[in-house]
Amino acid sequence: MSELVPLTGEPLALDLVNTRPTADDLLATPGDLRAWWALQAERLPEEVPQGEATAADLAAVRAVREHTARALDRVRRGDEPLATDLEALNQAQRAAPAINELAWNGSAVAATRRRDGSPGRRLAACLAEAAAELLADPAVTRIRECEAEDCVMLFLATHPRRRWCSATRCGNRVRVARHYQRHKAG
């Protein structure tokens, strides 16, 4: 993975989209995918156990990321997303469908959520579901791009005055640059 640490803590679909900053792709190799997967492990449902990432898994996750990014770009501005992006996200979900598997536990019927497919396919399907939920959420219009000059990260603005993807990452850089410019002129 590159020197840049992935931004995490936004909705899962945004965290995925934010793995493509301007300089390096944070999901360039199966090892990068494994590292990002580990960062997100606590946020993923049990039916997506962390496993080895293959080149096919990486391709599936990156495809979900690209379709999510394009659809989000349009939807957050109030435009209709491309049908190809929506269909690709639907197909990713169908590739590893989730069901509530029913079983008798001795005294009652218990339902356990299960998902078919390899761990990587299950991850891609889960990420496509997260994208679908975000795209259908009215809050999608509050997604903004960071205002730092060299940043392309997206965030869900929970406060109307939020301007940066991260106060500690971009916010500090912008404030330090402003401070430098004020004192350099004096």
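Here are some notes on this predicted model, going from the overall fold down to single residues.

1. **Overall layout.** The protein has 6 helices and 4 strands, arranged along the sequence as α-α-α-α-β-β-α-β-β-α. Its C-alpha trace spans about 80 × 35 × 35 Å along the principal axes. If we count contacts with a separation of 6 or more, 54% of them link residues 24 or more positions apart.

2. **Surface and charge.** Of the 186 residues, 38% are buried. The exposed area comes to about 10,500 Å², with 52% of it supplied by carbon and sulfur atoms. Charges are 26 positive and 26 negative, and the mean positions of the two sets lie 7 Å apart.

3. **Main core.** The largest nonpolar core holds 35 residues, and Leu 33, Val 61, Val 64, Leu 72, Leu 123, Leu 127 and Ile 143 have the most contacts inside it. At least two residues each come from α1 (12-17), α2, α3, α4 (83-94), α5 (119-136) and β4 (154-156). The top contributor is α5, with 9 residues. As general background, nonpolar side chains in soluble globular proteins tend to be buried together.

4. **Leu 33 up close.** Leaving out neighbours within four places in sequence, Leu 33 is in contact with Leu 27, Ala 53, Asp 57, Leu 58, Val 61 and Leu 123. There is also a second, separate core of 10 residues, which includes Ala 148, Met 153, Phe 155 and Cys 170.

5. **Helix α5.** This helix has 18 residues and reaches 26 Å from first C-alpha to last, close to the 26 Å expected at 1.5 Å a residue. Since 13 of those 18 residues are buried, α5 is largely enclosed by the rest of the structure.

6. **Helix α3.** The 21 residues of α3 should span 30 Å at 1.5 Å a residue, and its end C-alpha atoms are indeed 30 Å apart. Its buried residues pack against α1, α2, α4, α5 and β3 (143-145). Among those buried residues are the nonpolar Leu 58, Val 61, Val 64 and Leu 72, but Asp 57, Arg 65 and His 67 are on the list as well. Val 61, Val 64 and Leu 72 also turn up among the best-connected residues of the main core.

7. **Glu 47, worth a look.** Where does Glu 47 sit? It is in the loop between α2 (30-40) and α3 (55-75). Glu 47 is buried, with a relative accessible area of 7%. Beyond residues up to four places away in sequence, Glu 47 touches Ala 98, Arg 113, Arg 114, Arg 115 and Arg 122.

How values were computed: Residues numbered from 1 in each chain as written. Predicted model: local features only at pLDDT ≥ 70, side-chain atom pairs only at ≥ 80, totals over all residues. Heavy atoms only, no water. Buried < 20%, exposed > 50% of the residue type's maximum accessible area, 1.4 Å probe, protein only. Contact = heavy atoms within 4.5 Å. Core = buried A, V, L, I, M, F, W, Y, C linked by side-chain atoms within 4.5 Å. Expected span 1.5 Å × (residues − 1). Areas by Shrake-Rupley, 256 points an atom, 1.4 Å probe, with all protein chains shown as cover. Lys, Arg positive; Asp, Glu negative; His and termini not counted. Charge placed at Lys NZ, Arg CZ, Asp CG, Glu CD.
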